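Here are a few short exercises to help you find your way around a new structure. Try each one yourself, then read the solution.

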Amino acid sequence: MLALLGLIAGSSFCAAEQPNILFIMADDHTSQGFGIYGSRLAHLNPTPNIDALAKTGIVFDNTFCNNSICTPSRASILTGQYSQTNGVLDLHGSLPPSKQFLPTEMKALGYQMAVIGKWHLKEEPANFDYYEVLPLQGSYHNPDLICREGGTRKEIVFGKQGAREVNVIKYQGHSSDVITDRSIEWLQNKRDKSKPFVLLHHFKAPHDLFEYAARYES
């Protein structure tokens, strides 16, 4: 995310210099869960694909999360602000479109913005060009995804924000597979390929209480 904020700060791009950005977030995933950091868990739980990305990219060895709780952390990423500034202090907080700064600033640079997967910020991700997001925590199996268009109207209670009707599509399968499939679908068929993109691809996993896909039973 520091790279994303750096792109915003360095806004003197010409079109050919604007890279596409895929930001992948796992939920409640400790740095000890990545092999690239060489922790005591590295041999117990190998992560060869993540390690391969790290070896050809950038590894932050001295970076700190300013609020390691789900909703406030997401709000800090989207605003570039500490929790006491953006107002999202705990799990009950919400982030209105007026504070969804990341998509606003990137769109001003000519980017197409999409978020797919876990959102957990209660309000509509209205400043994104495209979204399919889980309601609150969402489900591990056969999840509903809230979308701007299509699906069916359904009333959902958004914690202290109360209930409202939203467009919902129900998908079959494990949420990690569904979120990945939806991201691939957007990348291949739904984005405007004349523009650079930023896709926030947010897994629900491995947030407790974790439920795995049926293919891992044995």
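**Exercise 1. Find how many disulfides the whole structure holds, then look at Cys65.**

Start with the search: across the whole of this predicted model, zero disulfides turn up. Now take Cys65, whose nearest cysteine sulfur belongs to Cys70 and lies 11 Å away. A disulfide needs two cysteine sulfur atoms within 2.5 Å, so a pair at that distance does not count.

**Exercise 2. Decide whether Cys65 and Cys147 are buried, partly exposed or exposed.**

The cut-offs come first: buried is under 20% relative accessible area, and exposed is over 50%. Cys65 has 49% relative accessibility, so it is partly exposed. Cys147 has 5%, and therefore counts as buried.

**Exercise 3. Work out which residues of strand 1 lie on its covered face, and which strand pairs with it.**

Ile21, Phe23 and Met25 form the covered face of strand 1, while Leu22 and Ile24 form the uncovered one. Next, look sideways: strand 1 runs parallel to strand 7, and five bridges join them. Within this pairing, Leu22 stands opposite Leu199 of strand 7.

**Exercise 4. Name the buried residues of helix 6 and some of what covers them.**

Along residues 175-190, the buried ones are Ser175, Ser176, Val178, Ile179, Arg182, Ser183 and Trp186. Their cover includes strand 2, strand 3, strand 4 and strand 7.

**Exercise 5. Place Tyr37 and find its patch partners.**

Tyr37 sits in the loop between strand 1 and helix 2. Its relative accessibility is 36%, so Tyr37 is partly exposed. Together with Ile58 and Phe60, Tyr37 makes a nonpolar surface patch of about 320 Å².

Note on methods:
Residues numbered from 1 in each chain as written. Predicted model: local features only at pLDDT ≥ 70, side-chain atom pairs only at ≥ 80, totals over all residues. Heavy atoms only, no water. Patch = residues over 30% accessible without salt bridge, like charges linked within 9 Å, V, L, I, M, F, W, Y side chains within 5 Å. Areas by Shrake-Rupley, 256 points an atom, 1.4 Å probe, with all protein chains shown as cover. Salt bridge = Lys/Arg side-chain N within 4 Å of Asp/Glu carboxyl O. Helix = DSSP H or I, 4+ residues; strand = E, 2+ residues; numbered from the N terminus. Buried < 20%, exposed > 50% of the residue type's maximum accessible area, 1.4 Å probe, protein only. Contact = heavy atoms within 4.5 Å. Pairing = 2+ DSSP bridges.
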